[in-house]
Amino acid sequence: MSALYFIAVLAVNLFLSFGLKVDMTREHFYHGKSLFCAQLQCTENITEDTQMSALVNMSVYRISESEGKILLASISGSDSKVRDYKISGILSEGKLSKHHGELVLSFSNTSACNLHQYKCQVYFTNKTGDTGMLENRTTSYEREKIKKSVLLMNLKAQTLNYVKSVDTMADFLKSFEDPEKLKGADVSMSLQMSHSGRDGYSDDTAQIPSSTELNNSNKHISSTNAIDVVDAKINNITEHMQTVNDRFGAIDVKLNEAISGNNQINSMIEALNTTVQEMKNDYNVNPVLSRISLQCKKNHKTDVPERTTVRLSQHKLALCDTKTDGGGWIIIQRRVLGDVNFTRDWNAYKHGFGSMIGDFWLGNDWISNLTMMGYNELRIDMTRKGIKYYAHYDHFKVDNEAASYKIYLSSFSGNVKDKLNYHHGMKFSTIDRDNDIDRGDCAGLCKGGWWYNACTHSALNGVWGTTDINTGIYWYELSSDGHIADSVEMKVRQV
């Protein structure tokens with residue numbers, strides 16, 4: 001009786017597994033401001049013709065010959081909250097009700113996108129009150145396709161960036177086709193707000209007075225003079241557009257080489273073109289981070305102030321260091337006045353706090369976004385008793401909130417010892433969210449948010465002005481006579 005029962009349950013599960021849908025799409029796409037290369041979607045619906053009565057749990061595993069089955073994310077019907085297991089480069093989303101379940105994982109790691117297999121597993125109760133389980137796997141990705149897929153993904157990422165540049169510059173040129181539009185217009189603001197793209201051109205808008213400034217000083221600028229200024233600007237942009245067009249030509253050649261004689265991947269090219277167009281449409285509505293490389297770029301300007309503001313979005317400003325080591329640094333943290341309390345909760349560190357005229361933390365979301373956009377060079381400038389110290393990392397990255405803003409860094413140089421590397425791979429912790437590996441609460445002890453390990457070799461968000469090594473602005477062995485910095489700035493630059 002018992003054996004027959006289990007055979008029956010197994011037969012039902014095998015039958016039902018055909019209803020558990022697992023799709024994996026492998027191509028580049030943007031989710032929010034982050035770039036991913038594949039998405040896995042696991043879905044299950046209970047209908048009247050099944051033996052299931054309610055869904056209980058849904059989980060996704062990575063399948064590996066060497067590591068076995070690794071749980072990546074799960075969702076339970078008891079609270080309908082997705083639990084991801086903090087695997088780097090994975091964003092997990094989902095929902096689970098009595099009759100419908102959906103778990104979606106987005107991957108940013110090339111190996112995860114192309115080489116790994118995944119399994120979706122669902123637990124349910126059936127109409128007799130017993131518990132059952134069904135599962136389904138992604139199809140394997142033929143290895144002969146992997147190389148072509150990686151090539152196409154890389155080309156697609158390049159294409160998306162160049163589309164942003166060309167599209168924005170085309171709009172800019174079009175806006176000045178009619179000279180009459182310049183009359184009474186704020187030329188300075190129009191030029192400033194039109195700057196975009198990842199590759200720069202000379203920016204001299206600071207020399208053009210705005211209409212407000214002219215009116216306040218009772219001076220006037222003629223339409224002819226304004227047009228001359230715009231003509232010069234258009235010439236610069238035209239040269240830049242030619243460079244971008246040349247690069248598009250190179251991409252077209254590579255694409256043609258990739259698809260020559262292989263009609264099987266034509267659908268991937270069509271998907272690429274569709275996504276490019278979607279990105280163009282989205283960028284016209286929400287040009288968030290792409291303009292800042294023009295406003296804050298290494299060796300870009302020589303006659304600007306040491307500190308200038310740049311706009312990350314309509315409502316978010318950042319401070320640019322234009323001089324240090326060639327300039328082009330977006331400052332993500334500053335402690336120079338002691339006017340801001342850094343003992344803050346998770347939400348404050350997520351969005352940022354302080355102001356550009358004093359001390360501030362840019363915000364973990366913004367820091368993560370910047371590193372995703374290629375701002376992967378990190379410099380930390382510190383002072384102690386009037387002496388300057390610095391730490392420099394060629395490679396720096398911060399994951400998104402789903403991964404608790406985990407930090408990665410390498411290739412150190414500087415005139416201090418490398419004490420941030422101790423925190424490599426660690427999650428961010430705050431006074432209300434303890435993500436360190438210590439038995440105690442490092443953020444509570446050190447009084448500030450940081451990527452604590454167990455607990456710290458550095459903690460630059462501690463209490464201003466104190467000499468206490470537990471709570472101060474701490475960098476172990478900063479100098480021969482102490483560990484506490486008097487001031488500090490953290491900044492990132494586009495690689």
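# Exercises on a predicted model

In this structure, which is a predicted model, alanine 73 stands opposite aspartate 84 of strand β7.

**Exercise 1.** Work out how strand β6 and strand β7 pair, and where β7 sits in its sheet.

*Solution.* Begin with the pair itself: strand β6, which covers residues 68-76, runs antiparallel to β7, and three bridges link the two strands. Next, place this pair in the sheet, which is open, has five strands with antiparallel pairing, and follows the order β7-β6-β5-β10-β11. The ends of that order are the edge strands β7 (82-84) and β11 (131-137), each of which pairs on one side only. Finally, consider how the strands are turned: neighbours in this sheet make an angle of 25° on average, with direction ignored.

**Exercise 2.** Describe how strand β12 is connected to strand β13, and which residue stands opposite lysine 316.

*Solution.* First, identify the strands, since β12 takes in residues 307-313 and β13 takes in residues 316-321, and the two pair in the antiparallel sense over six bridges. Then follow the chain from one strand to the other, where a hairpin of two residues makes the connection. The residue opposite lysine 316 of β13 is serine 313.

**Exercise 3.** Decide whether helix α10 is largely enclosed by the rest of the structure or not.

*Solution.* Recall that a residue counts as buried when its relative accessible area is under 20%. In helix α10, which spans residues 364-372, seven of the nine residues are buried, so the helix is largely enclosed by the rest of the structure. The buried residues are Asn364, Trp366, Ile367, Ser368, Asn369, Leu370 and Thr371. Continuing along the chain just past α10, we meet glycine 374, whose phi is positive at about 105°.

**Exercise 4.** For serine 404 and glutamate 477, state the phi value, the location and whether the residue is buried or partly exposed.

*Solution.* Take serine 404 first: although this residue is not a glycine, its phi is positive, near 60°. Serine 404 belongs to the loop between β18 (387-398) and β19 (407-414), and its relative accessible area of 4% makes it buried. Turn then to glutamate 477, another residue other than glycine with a positive phi, here near 55°. Glutamate 477 lies within strand β21, residues 474-479, and is partly exposed because its relative accessibility is 28%.

**Exercise 5.** Locate the cis peptide bond that involves cysteine 455.

*Solution.* The bond joins alanine 454 to cysteine 455, with omega at about -5°. Cysteine 455 itself is found in the loop between α11 (442-446) and β20 (458-459).

Technical notes. Residues are numbered from 1 along each chain as its sequence is written. This is a predicted model: local features need pLDDT of at least 70, side-chain atom pairs count only at pLDDT 80 or more; totals for chains, interfaces and linings use all residues. Side-chain values use heavy atoms; hydrogens and water are left out. Two strands pair if DSSP finds at least two bridges between them. Helices (H or I, at least four residues) and strands (E, at least two) are DSSP runs, numbered from the N terminus. Buried means under 20% relative accessible area, exposed over 50%, partly exposed in between (1.4 Å probe, protein chains only). Axes are lines fitted to C-alpha atoms, for helices over the stretch in contact, and angles run from 0 to 180 degrees between N-to-C directions.
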